[in-house]
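Trainee: I would be grateful for a close look at the charged side chains that pair with one another in this model, and at the setting in which they are found. Please take one part in detail and then place it in its surroundings.

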Amino acid sequence: MKNPFIQTVLARFATNYLETRLNTTVKIARLEFNPLKRIALKKLLVLDRHQDTLLYAGELKVGWKKLGLKNTKFEPTSVFLQDANIKLLKYLNEKAINYSFIAEAFAPGNKTPSDTTQTSPLLFGLKQALLSNCRFIYHDQNDTSQAEGINYSNIGIMLEQFNANDLKI
C-alpha cells in the first residue's frame with residue numbers, strides 16, 4: 001500500500017465517498033492505508049454547508065484494533081491530529097452547529113443513495129488521543145449578548161500539545 005499510485009487512487013476514492021456521503025467539499029492530498037494498523041490522511045480539508053472551513057488537518061491518523069475471525073468490528077484505538085484548524089460555528093438564524101450534518105450523515109439507518117448498508121452508532125474507547133498544533137474555534141452568531149469576562153459564544157483555543165490516554169467516547 002506504499003505505492004504512490006495506489007495511495008493516489010485511495011485518496012480519490014475516499015474523497016469521492018466522503019463528498020457524496022456529506023454533500024460538501026472534501027479534499028485529501030494523500031492517503032496512507034495499512035489495513036492491519038491505521039489510516040493517515042494528509043492535508044485533509046472538509047467544508048461545512050456554507051462552504052467555510054470546518055476542518056483542515058495537516059495530518060490525521062487513526063489506528064485500530066486488528067481485525068480477525070473473532071474481531072470483525074472496526075474499533076479505533078488512537079487518533080493523532082496535527083496542524084489542524086477546527087471551526088465549530090452556529091450560523092445566524094440556524095439552530096444546529098455546522099458539523100451536525102456529519103453526525104446526521106453517519107447516523108444509524110442513514111445511507112447514501114447507492115449504499116444499502118446500515119450504519120451503527122459510533123461509540124468507542126481510545127487508548128490515545130494526541131493533538132499537536134491544533135486550533136479550535138467556537139462561535140455562536142445567534143448570541144448577541146455582551147458578556148463580561150469570558151464570552152462562551154466566541155471561544156478560540158490553541159493547543160500546542162495535548163495527549164490523553166484511555167478515553168471513553
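Mentor: Read from its beginning to its end, the chain runs through the pattern α-β-β-β-β-α-β-β, which amounts to 2 helices and 6 strands. The model is a predicted one, and the account that follows should be read in that light. Of the 169 residues in the chain, 31% count as buried. The accessible surface comes to about 11300 Å², and carbon and sulfur atoms hold 57% of that area. Among contacts with a separation of 6 or more, 51% are made by residues 24 or more positions apart.

With that frame in place, the charged pairs can be taken up. The whole structure holds 6 salt bridges. Among them is the one between Glu32 and Lys42, where the closest N and O atoms lie 3.7 Å apart. This pair links distant parts of the chain, for Glu32 belongs to strand S1 (residues 26-34) and Lys42 to strand S2 (residues 38-47), with their positions 10 residues apart in sequence. Glu32 has a further partner in Arg38, and here the N to O distance is 3.8 Å. Both distances can be judged against the cut-off of 4 Å that is applied to a side-chain nitrogen and a carboxyl oxygen.

The burial of these residues deserves a separate remark. Glu32 has a relative accessible area of 16% and is therefore classed as buried, because the limit for that class is under 20%. Arg38, by contrast, has a relative accessible area of 29%, so it is partly exposed. The salt bridge of Glu32 and Arg38 thus brings together a buried residue and a partly exposed one.

A comparable arrangement is found in another pair. Glu59 and Lys61 form a salt bridge whose closest N and O atoms are 3.7 Å apart. Glu59 is buried, with a relative accessible area of 11%, whereas Lys61 is partly exposed at 26%. These pairs do not stand alone: salt bridges with shared partners join Arg30, Glu32, Arg38, Lys42, Glu59 and Lys61 into one network.

The strand that carries Glu32 also takes part in an aromatic contact. The count of aromatic pairs comes to 1. It consists of Phe33 and Trp64, whose ring centres are 6.1 Å apart and whose planes make an angle of 40 degrees, an arrangement classed as tilted. Phe33 lies in strand S1 and Trp64 in strand S3 (residues 53-64), so the pair ties together parts that are 31 residues apart in sequence. The tilted class applies because the angle of 40 degrees falls neither under 30 degrees, where planes count as stacked, nor over 60, where they count as edge-to-face. Phe33 is partly exposed, with a relative accessible area of 28%, while Trp64 is buried at 10%.

From strand S1 one may step back to the loop between H1 and S1, where Asn23 is placed. Its phi is near 55 degrees, a positive value in a residue other than glycine. Asn23 counts as exposed, at 59% relative accessibility. A positive phi of about 55 degrees is also found in Asn133, which is likewise not a glycine. Asn133, however, lies in strand S5 (residues 125-140), and its relative accessibility of 34% makes it partly exposed.

Helix H1 supplies two further points of interest. Arg21 is found in this helix, which covers residues 4-22. Arg21 counts as buried, at 8% relative accessibility, and its side chain reaches the backbone oxygen of Ala105 at 3.0 Å. Phe5 is found in helix H1 too, but it is exposed, with a relative accessible area of 62%. Together with Ile6 and Val9, Phe5 forms a nonpolar patch on the surface with about 290 Å² of accessible area.

To return to the part you asked about: the network comprises Arg30, Glu32, Arg38, Lys42, Glu59 and Lys61. Within it, Glu32 pairs with Arg38 and with Lys42, and Glu59 pairs with Lys61. Both of these glutamates are buried, Glu32 at 16% and Glu59 at 11%.

Methods: Residues are numbered from 1 along each chain as its sequence is written. This is a predicted model: local features need pLDDT of at least 70, side-chain atom pairs count only at pLDDT 80 or more; totals for chains, interfaces and linings use all residues. Side-chain values use heavy atoms; hydrogens and water are left out. Buried means under 20% relative accessible area, exposed over 50%, partly exposed in between (1.4 Å probe, protein chains only). Helices (H or I, at least four residues) and strands (E, at least two) are DSSP runs, numbered from the N terminus. Contact means heavy atoms within 4.5 Å. Accessible areas come from the Shrake-Rupley method with a 1.4 Å probe; for residues, only the protein chains shown count as cover. A polar contact is a pair of N or O atoms within 3.5 Å; within protein, one must be able to donate a hydrogen and the other to accept it, and residues adjacent in sequence count only if both atoms are side-chain atoms. Patches are made of residues with over 30% relative accessible area and no salt bridge: like charges are joined within 9 Å, nonpolar side chains (Val, Leu, Ile, Met, Phe, Trp, Tyr) within 5 Å. Rings of Phe, Tyr and Trp (its six-membered ring) pair if their centres lie within 6.5 Å; planes under 30 degrees apart count as stacked, over 60 as edge-to-face and the rest as tilted.
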